[in-house]
Amino acid sequence: MTNAEIANILDQIADLLEFQDANPFRVRAYRNAARSVRDYSEPLSRIAADPDRTLTDIAGIGKDLAEKITTLLQTGSLPMLQELLAEVPESVLAIMRVPGLGPKRAAAIYRELGVKSLEELAEACRQQRIRELKGFGAKTEESILQGLDIAMEAGKRLLWAQADQIAQALRAHLASCVSIRQMEFAGSYRRGKDTVGDLDLLVIAGEVGETMDCLGAYEGVRQVLLRGPTKMSVRLAEGLQVDLRVVPAESFGAALQYFTGSKEHNVVLRSMARSRGLKVNEYGVFRDEELIAGRTEEEVYATLELPCFPPELREARQEFDWAAAGRLPELIELGDIRGDLHAHSDWSDGIATIEEMADAAKARGLKYLAITDHSKRATIANGLDAARLRRQWAEIDQLNPRLKGFTVLKGVEVDILERGGLDFDDKLLAEADWVVASVHFGQNQSRDQITRRLIDAVKNPYVSAIAHPTGRLLGERKSYEIDLDAVLKAAHDHGTMMELNAHPKRLDLDDVACAAAKNYGVPIVVSTDSHTIDGLAAMRYGVVQARRGGLTKADVANTRTLAQLQKLLRKKR
Ligand code: DGT
Ligand code: CA
Ligand code: CA
Ligand code: ZN
């Protein structure tokens, strides 16, 4: 059982408890645990199997939860969950998962209108019966209908980070298969796309049958969809499909190139080949009938005098122009990152203390970390008022001398208010080392309104960066309406940076928007927005998106030393 699966079960328990109107603290404990487990870098199954270690060492996991997780790992199920599930009709669970609804509202709809399924929910919306309920309105009804669309769409693709966890587990399983000589994942997963439709796996095999038996024996396989002479497709427990292709060694590079895609990139490549009298397909590069390349990707691209493009760039956007001009960007790497500029502590809705966050960031090789807890408007996130913020900063001042070679920046994530303006006055913000401003409320406003709010924030001399600038949550919520060009132009004019929020559900700005920001000369900050120490690991996901946007080390502000970063910030003020 993967960490993601455990986390999903803990979240489901929290949902069910909330649905039953249980004690909010109990609900919160399960939510925090789910977050902690989801972010945890090491498989919990390994810790549980080690007699010298205990699950209670993980933040947010107490004795009771540790026992439950152990039961889950040992038996694959949990009596408590079964009991809760028995009290709620199966189809009602789907209602809770509709984005924008949640357990509380689902409970109201179920109890007051008797709505028991997604179909009945859509019907109730269309008959405008939802808006009659206390606490609901026409807007809610509309957003539920939209949420229904997204919910049905979302079932089909996984977040890249989830696909990555599965791919790594599968790779580890197949590593013990002696008949596999070489293996590589291709497709959208290799290109680092924010969501992944299915996994494409290529292998060179000694024994095809044995290789396919190995895949079939993977514990995560729920169904074998197809097993042919060179191709096998299976469906995993998480719903993800895996396409395995066994290819000859002399074609491995050509197959890897072909199945990495994207389709659009390959279309351009094939037409370039044709104009040289060559033919490219998944078996190789051919002149007339003669195979002239195919063993490696480098070789395939070289026959067309092209560089071996990093997979993240293969989207037929600008990569062929860059190659023609000999100016393929040298993409940023994880090791270039020197600091993290968006993180939460237990002063607001994070789980770890400031010191724990700092130690963890330092252990990851970073040199600085900005603690950016929420401002007071974010009451549900336990946002800080001016007095608490000053006390927090005083604590950071005390902590810093002890950290040796590492600096915690006194930051804040200040809300951009619905009516415009920021949740703190300039006098307070001027005392911060680092300020990110973000929209959490009033996301349904018009494009003009939201754009104006953001531009006002960009113009503020003390706002360092705009956090998760478009507000999208993959699989849950589209980005709000926004004139991003206008915001980026203002950001350039006022020396404000833009965040690439590395949380796997956000990745906001996305790859395309990052490329646009670069064109405007706006520095990007790749930040994790972590609420746990393991959340800091999300930096990796941000860097993948940054690479897809064609960003180099120089384009990303938090690759700079702290002194260089501070110089950049002084320029703005
Ligand atoms: P996904 O799985 O929806 O996230 O996206 P991909 O890009 O992994 O697409 P997938 O799994 O359908 O196919 C993997 C790669 O194989 C794709 O990126 C390019 C190549 N490919 C698949 N079908 C075709 C096709 O009909 N024409 C061309 N040119 N390439 C194809
Ligand atoms: Ca795929
Ligand atoms: Ca596929
Ligand atoms: Zn945040």
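## Calcium sites, aromatic pairs and packing in a predicted model

Asp-15 has a relative accessible area of 17%, and it therefore counts as buried, since the limit for that class is under 20%. This residue belongs to helix 1, which covers residues 3-19, and, once neighbours within four places in sequence are set aside, Asp-15 is in contact with Arg-31, Met-96 and Pro-103. The structure described here is a predicted model, and every value below was computed from it.

**The chain as a whole**

The chain contains 24 helices and 17 strands. Its radius of gyration is 25 Å, close to the 25 Å that the globule rule gives for 573 residues, and the chain is therefore as compact as a globular protein of that length. Taken along the principal axes, the box filled by the C-alpha atoms is roughly 75 × 60 × 60 Å. Buried residues make up 53% of the 573 residues of the chain, while the accessible surface comes to about 25,800 Å², with 48% of that area belonging to carbon and sulfur atoms. Among the contacts in the chain with a separation of 6 or more, 67% are between residues 24 or more positions apart.

**Two calcium ions that share an aspartate**

Which residue coordinates both the calcium ion (ligand 2) and the calcium ion (ligand 3)? Asp-198 does so, bridging two ions that lie 3.7 Å apart. For the calcium ion (ligand 2), the protein donors are Asp-198, through both O and OD, and Asp-200, through OD, at 2.2 to 2.7 Å from the ion. The six donor atoms around this calcium ion (ligand 2) subtend angles of 68 to 166 degrees, and the arrangement is irregular because of these angles.

The calcium ion (ligand 3) is coordinated at 2.3 to 2.7 Å by two OD atoms of Asp-198, together with OD of Asp-200 and OD of Asp-243. The spacing of these donor residues in sequence is D-x1-D-x42-D. Asp-198 lies in strand 4 (residues 198-205) and Asp-243 in strand 7 (residues 241-246), so the pair ties together parts that are 45 residues apart in sequence.

The relative accessibility of the three aspartates is set out below.

| Residue | Relative accessibility | Class |
|---|---|---|
| Asp-198 | 22% | partly exposed |
| Asp-200 | 11% | buried |
| Asp-243 | 6% | buried |

The class of Asp-198 follows from its 22% relative accessibility, because buried requires a value under 20% and exposed a value over 50%.

**Aromatic pairs**

How many aromatic pairs does a search of the whole structure find? The search finds seven. In one of them, the rings of Trp-160 and Tyr-541 have their centres 5.9 Å apart and their planes at 70 degrees, so the pair is edge-to-face. Trp-160 is in helix 10 (residues 160-174) and Tyr-541 is in helix 23 (residues 539-548), so this pair ties together parts that are 381 residues apart in sequence. Trp-160 counts as buried at 9% relative accessibility, and Tyr-541 is likewise buried, with a relative accessible area of 18%. Ring pairs also join Trp-160 and Tyr-541 with Phe-185 and Tyr-189 into a cluster.

A further pair is formed by Phe-309 and Phe-320, whose ring centres are 5.3 Å apart and whose planes stand at 70 degrees, so that this pair is edge-to-face. Phe-309 is in the loop between helix 15 (297-302) and helix 16 (319-324), whereas Phe-320 is in helix 16, eleven residues apart. Phe-309 and Phe-320 are both buried.

**Around Ala-273**

Ala-273 is found in helix 14, which covers residues 263-275. Is this residue buried or exposed? With a relative accessible area of 0%, Ala-273 is buried. Apart from its neighbours within four places in sequence, Ala-273 is in contact with Leu-278, Val-280 and Leu-304. By contrast with these contacts, the C-alpha atoms of Ala-273 and Glu-312 are separated by 22 Å, with the two residues 39 residues apart along the chain.

Conventions: Residues are numbered from 1 along each chain as its sequence is written. Chains are lettered from A and ligands numbered from 1 in the order in which they are written. This is a predicted model: local features need pLDDT of at least 70, side-chain atom pairs count only at pLDDT 80 or more; totals for chains, interfaces and linings use all residues. Side-chain values use heavy atoms; hydrogens and water are left out. Donors are N, O and S atoms within 2.8 Å of the metal (3.2 Å for Na, K and Ca); water is not among the atoms, so sites may look incomplete. Four donors count as tetrahedral if all angles lie between 85 and 135 degrees; four count as square planar and six as octahedral if opposite donors are over 155 degrees apart and all others between 65 and 115; anything else is irregular. Buried means under 20% relative accessible area, exposed over 50%, partly exposed in between (1.4 Å probe, protein chains only). Helices (H or I, at least four residues) and strands (E, at least two) are DSSP runs, numbered from the N terminus. The radius of gyration is taken over C-alpha atoms; the globule rule is 2.2 Å times the number of residues to the power 0.38. Contact means heavy atoms within 4.5 Å. Accessible areas come from the Shrake-Rupley method with a 1.4 Å probe; for residues, only the protein chains shown count as cover. Rings of Phe, Tyr and Trp (its six-membered ring) pair if their centres lie within 6.5 Å; planes under 30 degrees apart count as stacked, over 60 as edge-to-face and the rest as tilted.
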